[in-house]
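Got the viewer open? Let's take a walk along the chain, one selection at a time.

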Amino acid sequence: MSKRTSDSIQNIRLQRGIAIAGAVLLVVKFVAWSLTHSVAVLTDALESIVNVVAGFVGLYSLHVSAQPRDANHPYGHGKAEFLSAAIEGTLVLSAGAIILYTAVKNFFYPQPLQAVDTGIYLVGATAVVNWLLGSIALRQGRKTGSLALMASGRHLQTDTWSTIGIILGLVLISFTGWQWIDAAVAFGFGAYIAITGYRIVRKSVAGIMDEADMELLTKMTTVLNAARRDAWVDLHNLRVIKYGNVLHLDCHLTVPWYFNVHQAHEEVDQLAAVVRKEFGETLELFVHSDGCLYFQCPLCEKRACPVRQHPFKEKLVWTVDNILQNEKHGWRRASGDDTGNAAAQP
């Protein structure tokens, strides 16, 4: 069994457990609400409905994204996870809006609270379970690069913090008797939940639209700079896209023009090994190899070059800005300026 298949199976099993646990916790929270009549506890229960629905949507998306590539989906099914996160974020955002409405309504039409101590114990137990499940989901999601699991983990931990806030509100009510605290707590966490939902939706839409992941690009650039070989004269037109747990990397690698096909391919293999070592085996690499040109000599560090036309001047450090450019980098000298600088050339 391949590592990719093993990771997918683990992700699906974990998401299934999260979905089932969410259904159980939903029942517990509605029991707590029926006992206390607290709008803050109702807030927690409404968010748990989202947890359950999102859990099963995430489970389905993980099942779809684990499917191998086929003729209709040559890049695989990984974008199903972005759709799952978008649905989950929309549900979270909607729950936040409903909670805000309920909290405002309760300010004007408050309901007396009952059995507050019992409610504290019940929702406190759900907070512990949610935090543990969220931590496990986040750790597994980061390990396998699963957006669906990371979204579930963040959502569960958000639910935990909101539950803790609700518990603190109930404790204050028990000591002070101030009923308005219930609606105030619900309003505050309703706003927090809505903001969290917006952020999840924003990230999923960015993934669907193939928006550049600047954090990933920065890390990739750092890794390639650190592992740079003297035969890698230049690297440009770098693009990185992540579909599910598969990383797609396209780039143009400039090597000495006198290399034969086998030598150029060896440098491509070395580049792939560097990326796989840092980012995992689930990698698709498409590299176009270029031969170097005369204006790149001042930036080329290959000392044993038999055809060098210009002496080495300065090492060009790859950055996110210059490595994305779809053109070779070379040496440009301003008129009358002996210092020169590294710049892109057509």
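Here is a tour that starts with the whole chain and then stops at individual residues.

**The whole chain**

Keep in mind throughout that this is a predicted model. Colour by secondary structure to begin with: you should find 9 helices and 5 strands. Following the sequence, the pattern goes α-α-α-α-α-α-α-β-β-α-β-α-β-β. Now show everything as a surface. The chain exposes about 17,500 Å², with carbon and sulfur atoms supplying 62% of that area. As for what is tucked away, 49% of the 346 residues count as buried. If you draw contacts between residues with a separation of 6 or more, 69% of them join residues 24 or more positions apart.

**First bend: His-37**

Select His-37, in the loop between helix H1 (3–36) and helix H2 (39–65). Check its backbone: phi is positive, about 60°, although His-37 is not a glycine. Its relative accessible area is 29%, so His-37 counts as partly exposed.

**Inside helix H4: Thr-126**

Next, go to helix H4 (residues 116–144) and pick out Thr-126. How accessible is Thr-126? Its relative accessible area is 1%, so it counts as buried. To see what surrounds Thr-126, leave out residues up to four places away in sequence and show the others it touches: Leu-25, Val-28, Lys-29, Asp-44 and Thr-163.

**A nonpolar patch on the surface**

Back to the surface view. Select Val-104, Phe-107, Phe-108, Tyr-109, Trp-178, Trp-180 and Phe-187; together they make a nonpolar patch of about 840 Å². Which helices each supply at least two residues of this patch? They are helix H3 (80–108) and helix H6 (180–208). The largest share, 3 residues, comes from H3. Val-104 is one of the patch residues, and you will find it in helix H3. With a relative accessible area of 36%, Val-104 is partly exposed.

**Along helix H7**

Now isolate helix H7, residues 214–226. It has 13 residues, and at 1.5 Å a residue it should span 18 Å; put a distance between its end C-alpha atoms and you get 18 Å, which agrees. Turn on side chains and look for the buried ones: Leu-216, Leu-217, Met-220, Thr-221, Val-223, Leu-224 and Asn-225. A bit of helix geometry helps in reading that list: an α-helix has 3.6 residues a turn, so residues three or four places apart point the same way.

**Two salt bridges, both involving helix H8**

How many salt bridges does a search of the whole structure find? The count is 2. Side chains of opposite charge can pair when their charged atoms come close.

Stay on H7 for one of them and select Lys-219 with Glu-278: they form a salt bridge, and their closest N and O atoms are 3.7 Å apart. This pair links distant parts of the chain, with Glu-278 in helix H8 (residues 261–279) and Lys-219 in helix H7, 59 residues apart. Both ends are partly exposed: Glu-278 has a relative accessible area of 39%, and Lys-219 has 40%.

For the other, select Arg-229 and Glu-267, where the closest N and O atoms are 2.8 Å apart. Again the pair links distant parts of the chain: Arg-229 is in the loop between H7 and strand E1 (234–243), Glu-267 is in helix H8, and 38 residues separate them. Is each partner buried or partly exposed? Arg-229 is partly exposed at 33% relative accessible area, whereas Glu-267 is buried at 5%.

**Strand E1: Asn-237**

Move on to strand E1 and select Asn-237. Phi of Asn-237 is near 55°, a positive value in a residue other than glycine. Asn-237 has a relative accessible area of 10%, so it counts as buried.

**Last stop: the cysteines**

Finish with the sulfurs. A disulfide is a covalent bond between the sulfur atoms of two cysteines. A search of the whole structure finds 0 of them. Why is Cys-300 not bonded to Cys-305? The closest cysteine sulfur to that of Cys-300 is in Cys-305, but it is 5.9 Å away, too far for a bond. Cys-300 counts as buried at 9% relative accessibility. Select Cys-251 too: this residue is buried, with a relative accessible area of 2%.

Note on methods
Residues are numbered from 1 along each chain as its sequence is written. This is a predicted model: local features need pLDDT of at least 70, side-chain atom pairs count only at pLDDT 80 or more; totals for chains, interfaces and linings use all residues. Side-chain values use heavy atoms; hydrogens and water are left out. Patches are made of residues with over 30% relative accessible area and no salt bridge: like charges are joined within 9 Å, nonpolar side chains (Val, Leu, Ile, Met, Phe, Trp, Tyr) within 5 Å. Accessible areas come from the Shrake-Rupley method with a 1.4 Å probe; for residues, only the protein chains shown count as cover. A salt bridge is a side-chain nitrogen of Lys or Arg within 4 Å of a carboxyl oxygen of Asp or Glu. Helices (H or I, at least four residues) and strands (E, at least two) are DSSP runs, numbered from the N terminus. Buried means under 20% relative accessible area, exposed over 50%, partly exposed in between (1.4 Å probe, protein chains only). Contact means heavy atoms within 4.5 Å. The expected span of a helix is 1.5 Å times one less than its number of residues. A disulfide is a pair of cysteine sulfur atoms within 2.5 Å.
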